[in-house]
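Student: I want to go through this structure by question and answer. Where do we begin?

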Amino acid sequence: MLIAAAKEHRSAQAFEQRPTLPISYVQSFLHGLALEGDTLHRLLRQATISPALMAQPAGRVTEEQFSQLFRGVALELDDEMPGLYARPLRCGTLKILSILMLDAPNLHTALRRWAQFNHVLDDGSRFTVRRDERHAWVRVDAYPPRSRSARLVQELHLKLVHGMCSWVIGARIELARIDFSFARPHDAADYLFMFPGPVHFDQPHTAMAFDLKYLDRPVQPHSKLELRRFLMRAPLDWLFVPVGQSSTTQCVRTFLEANLGFDSDIAHVAAAFGLSARTLVRHLQAEGMKFQDIKDALRRDIAISRLTRGTEPLIAIAVDLGFSSVAAFHRAFRSWTGGTPGDYRDREAIAASRELPEALLQAGTR
C-alpha cells in the first residue's frame, strides 16, 4: 500500500533527488592514497568538492561529486579501484572484464567468468556464487587483509558486482538481503539509500542474495558505444543503482519530494498512505528512522545538489524548500551539515571542474 501511494502521489514533474553521501565516505576512500597535497587539492576541486568540507564531520557530497573524484583518482594512480585491492587494477581492466561477461549466454556463466578473471588477476579479492532453495548468494570470500578500509572494500565489491551484473542483463537485480561482516556503523541510516534491499550487520559473511531466476537471465547485447558510455560514467552506474521503493523511509521520501512545495506534516503523509500517524511512526521506527529526519535529509540533499550545480540564487532555493528567508535557510543548513551554503558553492572548484582534461572523462575506457 505504501509503495502504491508513493507512486500515485509522485507528480509528472518531480525528479528523483538521490541522497547525498557523508564526507566520511570520501575520507575513507582517500585515506592512505599516494596523493600529495597539491594533487589532492586539484582532484577535489575538479570534482567540485571544496577542500574545506574535508574538515566538517557532518559534511556531505553528491553521488556525482564522489564519482567524479573516483574517476579522477583512478586516472591519477592508473588504478580503476584506487588502492582498494592487493595491487592496482590498471585502466582498461574493467573493459576487458565487461567484454568477457557480455560474451556469456546468461548471468550465471558471466559470474563464473568474473570469478576466474579474479583468480587470474590475483588481486587479493575472491567471491563465490552459492545457492539455497530460493536465492543465489554472492559472497565475498577474500579481500586484501591490509586494505585501508575493510568496510569500504566490502561495500564497493558488492556494489561493483551488483551494478555490473544488473547492467549486463539489462535489468536492475532486486536484492532480497545484504549482509555485512562488520559492526553496524554510526551512519547506518544511509544504507537504506545505498543498497537496494534490507541490510544486516555483524553477519558471518559479507554477501548479497537475490532470486535464483536472475542466474538464468540472458546477457543482453550491448554495442561498443554503450560499453564505452557505461565505463565513462563509472563508477556512477554501478555504485549508485536506484533502490526503488522497498522501505517505508523511501516511500515517505518519495512522497515528500513530489509534494515539496507543500508543508507536509506526518499526519498529512500518513493519511495519503491510508495510515494513522501513529502507525506510520511505528513503521519508521522499525527502520530506525524519524519523520522529521527524513524531511530534513531530503531538503538538505536537494539544497546541496542545487548549490553544487550552478549559481542559482539562494533565495530561490530557500523558497522552494519552504523557508521564509535566506537567513532561516542558512540556520537550517548549518544544523544539517555543520557548514554554510557557501561551502558547497565553491566557485574555484566549479571552475576547475569545467576545465577537466578529456583524459579524465575517458578514465577506464582505454
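Tutor: Begin with a rule: a charge sits over a ring if NZ of Lys or CZ of Arg is within 6 Å of the ring centre and within 35 degrees of the ring normal. Keep in mind that this is a predicted model.

Student: Over the face of which residue does K213 lie?
Tutor: The rule asks for a distance within 6 Å of the ring centre. K213 is placed at 5.6 Å from the ring centre. The ring belongs to Y214.

Student: What pLDDT does the protein chain average?
Tutor: A share of 86% of the residues scores at least 70. The chain average is 84.

Student: Over which residues does pLDDT stay under 50, and where else is the pLDDT below 50?
Tutor: One stretch has 18 contacts beyond four places in sequence, and that stretch is residues 5-15. Another has 28 contacts beyond near neighbours in sequence. Where pLDDT is low, the predicted coordinates should not be read in detail. The stretch with 28 contacts is residues 355-366.

Student: How are the rings of F70 and W238 arranged?
Tutor: The structure holds 17 aromatic pairs, and F70 with W238 is examined here. Their ring centres are 6.1 Å apart. Planes over 60 degrees apart count as edge-to-face. The planes of F70 and W238 stand at 90°, so the pair is edge-to-face.

Student: How many residues apart are F70 and W238?
Tutor: F70 belongs to helix α4, residues 63-77. W238 belongs to helix α10, residues 236-239. The pair links distant parts of the chain, with a separation of 168 residues.

Student: Is F70 buried or exposed, and what about W238?
Tutor: Buried means under 20% relative accessible area. F70 has 3% relative accessibility, so it is buried. W238 has 2%, so W238 is also buried.

Student: Which residues do ring pairs link into a cluster with F70 and W238?
Tutor: The links here are ring pairs. Besides F70 and W238, the cluster holds Y25, F29 and F66.

Student: Which backbone nitrogens does the side chain of N106 reach?
Tutor: N106 lies in the loop between α5 (93-102) and α6 (107-121). Its side chain comes to 3.3 Å from the backbone nitrogen of H108. A polar atom of that side chain also lies 2.9 Å from the backbone nitrogen of T109.

Student: With which residues is N106 in contact, leaving aside neighbours within four places in sequence?
Tutor: Contact means heavy atoms within 4.5 Å. With its neighbours within four places set aside, N106 touches L215, D216, R217, P218 and V219.

Student: How many disulfides are there?
Tutor: The test is a pair of cysteine sulfur atoms within 2.5 Å. By this rule the count is zero.

Student: Is C165 buried or exposed?
Tutor: The limit for buried is under 20% relative accessible area. C165 has 3%, so C165 is buried.

Student: Which residues does a cis peptide bond join?
Tutor: Omega of this bond is about 10°. One partner lies in the loop between α9 (224-233) and α10, and that partner is P235. The cis bond joins A234 and P235.

Student: Is T48 buried or exposed?
Tutor: T48 lies in the loop between α3 (37-46) and β2 (60-61). Its phi is near 60°, a positive value in a residue other than glycine. The relative accessible area is 16%, so T48 is buried.

Student: What is the relative accessibility of D78?
Tutor: D78 sits in the loop between α4 and α5. Its phi is positive, about 55°, although D78 is not a glycine. D78 counts as partly exposed, at 27%.

Definitions and conventions: Residues are numbered from 1 along each chain as its sequence is written. This is a predicted model: local features need pLDDT of at least 70, side-chain atom pairs count only at pLDDT 80 or more; totals for chains, interfaces and linings use all residues. Side-chain values use heavy atoms; hydrogens and water are left out. pLDDT is the predictor's confidence in each residue, from 0 to 100. Helices (H or I, at least four residues) and strands (E, at least two) are DSSP runs, numbered from the N terminus. A polar contact is a pair of N or O atoms within 3.5 Å; within protein, one must be able to donate a hydrogen and the other to accept it, and residues adjacent in sequence count only if both atoms are side-chain atoms. Rings of Phe, Tyr and Trp (its six-membered ring) pair if their centres lie within 6.5 Å; planes under 30 degrees apart count as stacked, over 60 as edge-to-face and the rest as tilted. Buried means under 20% relative accessible area, exposed over 50%, partly exposed in between (1.4 Å probe, protein chains only).
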